[in-house]
Each structure stands twice: as C-alpha cells, then as structure tokens.
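Hello,

Here is the structure I promised to pass on. Please open it alongside this note, and my findings follow below.

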Amino acid sequence: MSVTYDKRGRAALHLARAASLAPSPHNSQPWYFVEEGYDHGFEVHLDGGRRMVLTDPLGREAVIACGAALFNVRMAVRQLGFRPVVDLLPEPGDSHHLARVGYAAHAPSTPEERLLAEGMLRRYTHRGRFGAEPVADPVLEELHEQARVEGAGLQVVDDPDQLALLAGLVRTAEELHRSDFGHATELARCVGPYGIPVEACRHHPDATLLAGRDYLFRARRYHVSSRNHGKGAGTVVILTTPHDHRPDWLRSGQALQRVLLHAAAHDVMAAFHTQPLELPVLRARLRTDITAGRYPQVILRLGHVPQRPTWCMPRRSPVQVLFRDDAPARW
Ligand SMILES: Cc1cc2nc3c(=O)[nH]c(=O)nc-3n(C[C@H](O)[C@H](O)[C@H](O)COP(=O)(O)O)c2cc1C
C-alpha cells in the first residue's frame, strides 16, 4: 500500500473529523484512518503505538474506542446522504485493520440518525457526581434498544447487593492501579494539553459510589468520607457481549457509541469506571456474579449534568489522523 499525506478528499476529512470525536481510554485516540482513492472507501485502523500498554495489555479497550469511532463514521456517511457498507476486519492477516466502510446507495438520513449525528458534538465524558434528576425510564428503555441493535446488551445494576459488589470491585481495581508505579505513571502521562485537560480531573476520585481514576494523585493528599457516596451516583449500567473476541470488541464500541449518542441527545451524559475490566480476576468475578456469564465490556454511570464543562477535550486534527491510499482500488 502506498500512503500519501496530501490530496485528502473533503468527504474523507468529514469522516475523519467525526471519527475523532469518539471517546477513547484517557483520550489516547488509538486510531488512524485511510482514504481509499476516488471515494472507494474509508478504513479504520488501530494505532498500536497509542494504546495504553499497561492498563490495556490486550488492546481490548483500544479496539472498543475504534469501534466507537467506526460508529461515528457510519453516522457521518449518513450525513452525506449515503448508506454505509461496513466490512469488519477485512484483511485476515492484519488485525490492526479493523474496518472498511464503503458508500452504498443514496438515501436521506432518518430523524433517528440525525439525532445520533447531533449527539456527536454534544457528548462528553463526565467525572464526579450527577444532578439529582434521574434518567427517565423511557430513555433507559431506548438505550437498551440502542445497544441491542448493535449486538450488545445493556444491563442496569440497581440491586443494592450487586451495586455494593460492583463498587467493591471497582475500588479494589482502582487501589491496585494506584499502588502500581508503572500504571500510575502511564495514567498521569495522559493529563495535559494533548490528553485530558487538568480541569477535567479536578473532582476527587473517591467522591462517587464507583471510584474514579486518580489522574492527579489527589487521593494520596486528601481523604473523603464514604458517607455521601450514593449521592449523585446516577444509573449504573454495564455493556455486555455474549463472546469476547476482536469482532465482539468492535461491536461493543459501536454499541457503546450508539448508546452514548442517544443518551447525549436526551441530555444524559456518561461517566466511565472500567478499572475492574482491566484485571482478569476481577473481570471474571464480575462476569459470574453480576452479568450472568456475559462478558462485561464497559461500566458506566449515566445521569444529567447541571452545567456543561467550560474546557474542551483536545483531539488530533483530521489531517493528522487521515492518510490516503493511492494504490489501485481493490473493490
Ligand atoms: C474503553 C474506554 C474506557 C474508558 N475508561 C475510562 C475510565 O475508567 N475513567 C475515565 O474517567 N474515563 C474513561 N474513559 C473516557 C475517556 O477518558 C474519554 O473518552 C476521553 O478522555 C475523551 O473525552 P470525551 O469522552 O469527553 O470526548 C474511557 C473511554 C473508553 C472508550
């Protein structure tokens, strides 16, 4: 494949811009995109060099992030008025080439697709407590359906015993991460103008029912009482899949993004608490005791945020993540 950096098409830049808005572990943005010449297609690749090596040794979370980017590409193709044709893992010998998206017949986008596309700009990751207003039941039901359409499940964890177990598993994982020098350093390196802005990490990581990441080592300096942990917890949900291979991770990412965009369109934001899914023993416990044998892929709290943040989460620009393949079309 001969890849060049210039002459990138406008449609491809539009898709790359949309893809880059996806969430990724600690804003690592572990992706790059390739435009196949003459609008033949758009490729989503995993950038192995941007993966969190210690936190995510198998690259499961990085692939989930790329799946979320892929969902945005699908919505952006719909914004252009075409139907996307998606081929997952199109090259058997290249596990980093995650998807190829082609343009099929022209068809106007539906109101639901327009809602999801609008959600791309509204969505952001929340950290800390949520406002008092609960997520309405009809919205929760719609979120179940959004996950199901993409081949995943969305389990609400509201049983007090299961919630306590989950909170314990998140805390155990978080304590293990905090006491591991390599892990803590890897996380701290994500904070800054090209990763997570300092302003986004100012909340105390122990002030919520599920412990948060201690990006700024605040827990070492200040202790908070666990008395008010239940306050502003929001609705706890787990995204699950029946299997746990690369295509399942890609599907999880697309389901995650579909859920997040639908939620954002209804002013519901998400906080991530994926720590126990990064430690095989804790993930296995969660799988047997909470998700009834299904594989937990992402743990979220959902809720309403009284005020939008004042900072912007940085992203690499489309020209930094988009390359052009000038090889003859293969399709
Ligand atoms: C698979 C995955 C796991 C994540 N885990 C966490 C987490 O444990 N804690 C957290 O604060 N954010 C987590 N995030 C959210 C990212 O930090 C966030 O997406 C990134 O900083 C970009 O910000 P944005 O979502 O506001 O655009 C995760 C995102 C993904 C896709």
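In which sense do strands S6 and S7 pair, and over how many bridges? S6 (residues 153–156) and S7 pair in the antiparallel sense, over four bridges. Two strands count as paired if DSSP finds at least two bridges between them; strands (E, at least two residues) and helices (H or I, at least four) are DSSP runs numbered from the N terminus. Within this pair, glycine 153 has threonine 240 of S7 as its bridge partner.

Before going further, two notes on conventions. Residues are numbered from 1 along each chain as its sequence is written. This is a predicted model, in which local features need pLDDT of at least 70 and side-chain atom pairs count only at pLDDT 80 or more, while totals for chains, interfaces and linings use all residues.

Back to S7 (residues 235–241): it also runs antiparallel to strand S9 (residues 295–303), joined to it by seven bridges. There, threonine 235 stands opposite leucine 302. Both faces of S7 are covered, with Thr235, Val237, Leu239 and Thr241 buried on one side and Val236, Ile238 and Thr240 buried on the other. (Buried means 20 or more other C-beta atoms within 10 Å of the residue's own, exposed means 12 or fewer, and partly exposed lies in between; C-beta atoms are placed from the backbone.)

Now the domains. An automatic or database domain assignment gives domain 1 (3–109 + 315–325) and domain 2 (137–303). Their C-alpha centres lie 24 Å apart. The contact takes 25 residues from domain 1 and 23 from domain 2, where two residues are in contact if their C-beta atoms, placed from the backbone, lie within 7 Å. On the domain 1 side, helix H2 gives the most, with eleven residues.

H2 turns up again in the largest nonpolar core, a set of buried Ala, Val, Leu, Ile, Met, Phe, Trp, Tyr and Cys residues joined through C-beta atoms within 7 Å. The core has 73 residues, and Val44 and Cys66 are among those touching the most other members. H2 supplies the largest share, 13 residues. Both domains give residues to this core, so it lies between them.

Finally, the ligand: 21 residues surround it, and the closest are Pro23, Asn27, Tyr124, Thr125 and Phe272. A residue is near the ligand if its C-beta atom, placed from the backbone, lies within 6 Å of it. H2 (residues 60–79) gives the most to this shell too, with four residues. Each of the two domains contributes at least three residues to the shell.

Best wishes
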